[in-house]
Amino acid sequence: MDLPSILIPAYKPDQKMIDLIQSLHQKGFSRIMIVNDGSGPQYEPVFMTAAALGCLVLQHAVNMGKGRALKTGFNEALYRGYADHGLITADADGQHTPADISHIAEVMTQNPDSLVLGVRRFTGQVPLKNRLGNGITRLIFALINGKTVYDTQTGLRGIPAAHLPLILTLAGERYEYEMNMLLAIKPNHIPLEQVTIETVYIEGNKSSHFKAFQDSARIYALLFKFILSSAAAAGVDYGIFALMHISFPGQLIASVVVARAFSSLINFLINRNLVFKQKGAAASAAARYYALAAAVMLVGYLMIKGLTGSVGLNVYLAKVISDVSLYFVSFYVQREFVYQVREQANT
């Protein structure tokens, strides 16, 4: 079996990386790339040892972040032909065992078109910040993307050669790049396989270079784009609705229609291009979106009418209740129907 190449982005590594390289050689992995992400002169002996073991060592003059280190490796792998049988990324800190890396390679052989993730289930002795962080990110990712990824922060990934050109072009220079990779799965119809791996935290994970606040902020910024998109559209919708209602009292349906006409255009453009990143024709997506918008507008109008007439609520409060209630339904339909590209059948 032709094994994938291994890519290890490394920042200030120690003997654990050398031990991993030696173990991978014993398991038959002959092409191992290391990216020295600006570790500094004091770490040169570690990288010299890696080179002496036959690894291809690439250098960053300064620390540029894990995302950039991965891109440097992907680019070199494509250029040199190292990616012909796919590429497995692994961390340098000893958290990914040689056995799990070999298992990823086996699953890649069985599923040549799939992105294969080595996922931890976070059982046993796991630092609280890691357990909570991954749990929250996993929940939000499933809500936004409609797909459960059990370990959104895993660095152990098997990437087929066919997907590397796309993945190489994704945005992100640090840890957010790995989240961008996951967000690209659905709009680009990349099959996903998840393999349970051992959860290893050495000395409380103190060797990790993940900065809890800064790097989490980058990751969650990606996940919350859809909320900001909807907030912008909701602000426009509510403002125009209030202006229309003040200018033309008693014309509830006109206020709802005009407000939704403006806000829906803003919401469609932002969601299509920034949130769901739909790749199909704009016309077909627009047709689906405005069918949804019309249905939401009608139901919203009936809810406002019912809340103001039967219940006696203030019209502005009724508008807020209506919009919040329909928001989650609208988002689900957009995610699963409006911005999903229907693949053409083979002929």
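**Salt bridges and a nonpolar patch**

I'll start with one residue: Phe-328 counts as exposed, because its relative accessibility is 56% and the cut-off for exposed is over 50%. Keep in mind throughout that this is a predicted model.

Phe-328 sits in helix α12, which covers residues 315-338. What does Phe-328 form together with Leu-317, Val-320, Ile-321 and Val-324? These five residues make a nonpolar surface patch of about 430 Å². That is what I have on the patch.

Now the charged pairs. Side chains of opposite charge can pair when their charged atoms come close. Searching the whole structure turns up 9 salt bridges. I'll go through some of them.

Take Asp-237 and Lys-319. Their side chains meet in a salt bridge, with an N to O distance of 2.4 Å. Asp-237 belongs to helix α9, residues 225-247, and Lys-319 to helix α12, so this pair ties together parts that are 82 residues apart in sequence. Are the two partners buried or exposed? Asp-237 is buried, with a relative accessible area of 2%, and Lys-319 is buried as well, at 1%. So helix α12 has come up twice: Phe-328 lies in it, and so does Lys-319.

Next, a network. Lys-66, Asp-91 and Glu-178 are joined into one network by salt bridges that share partners. One of the pairs in question is Asp-91 with Lys-66, whose side chains meet at 2.9 Å, N to O. Where do these two residues lie? Asp-91 is in the loop between β4 (87-89) and α4 (98-110), while Lys-66 is in helix α3, residues 66-80. They are 25 residues apart, and the pair links distant parts of the chain. Asp-91 has a relative accessible area of 14%, so it counts as buried, the cut-off being under 20%. Lys-66 is buried too, with 13%.

Staying with helix α3, the last pair is Arg-80 and Glu-76. Their closest N and O atoms are 2.6 Å apart, and they form a salt bridge. How many residues separate them? They are 4 residues apart, about one turn of the helix, and both lie in α3. On accessibility, Arg-80 is partly exposed, with a relative accessible area of 45%, whereas Glu-76 counts as buried at 16%.

To recap: a nonpolar surface patch that includes Phe-328, a salt bridge between Asp-237 in helix α9 and Lys-319 in helix α12, a network of Lys-66, Asp-91 and Glu-178, and a pair within helix α3, Arg-80 with Glu-76. I'll stop there and take questions.

Terms used. Residues numbered from 1 in each chain as written. Predicted model: local features only at pLDDT ≥ 70, side-chain atom pairs only at ≥ 80, totals over all residues. Heavy atoms only, no water. Patch = residues over 30% accessible without salt bridge, like charges linked within 9 Å, V, L, I, M, F, W, Y side chains within 5 Å. Areas by Shrake-Rupley, 256 points an atom, 1.4 Å probe, with all protein chains shown as cover. Salt bridge = Lys/Arg side-chain N within 4 Å of Asp/Glu carboxyl O. Buried < 20%, exposed > 50% of the residue type's maximum accessible area, 1.4 Å probe, protein only.
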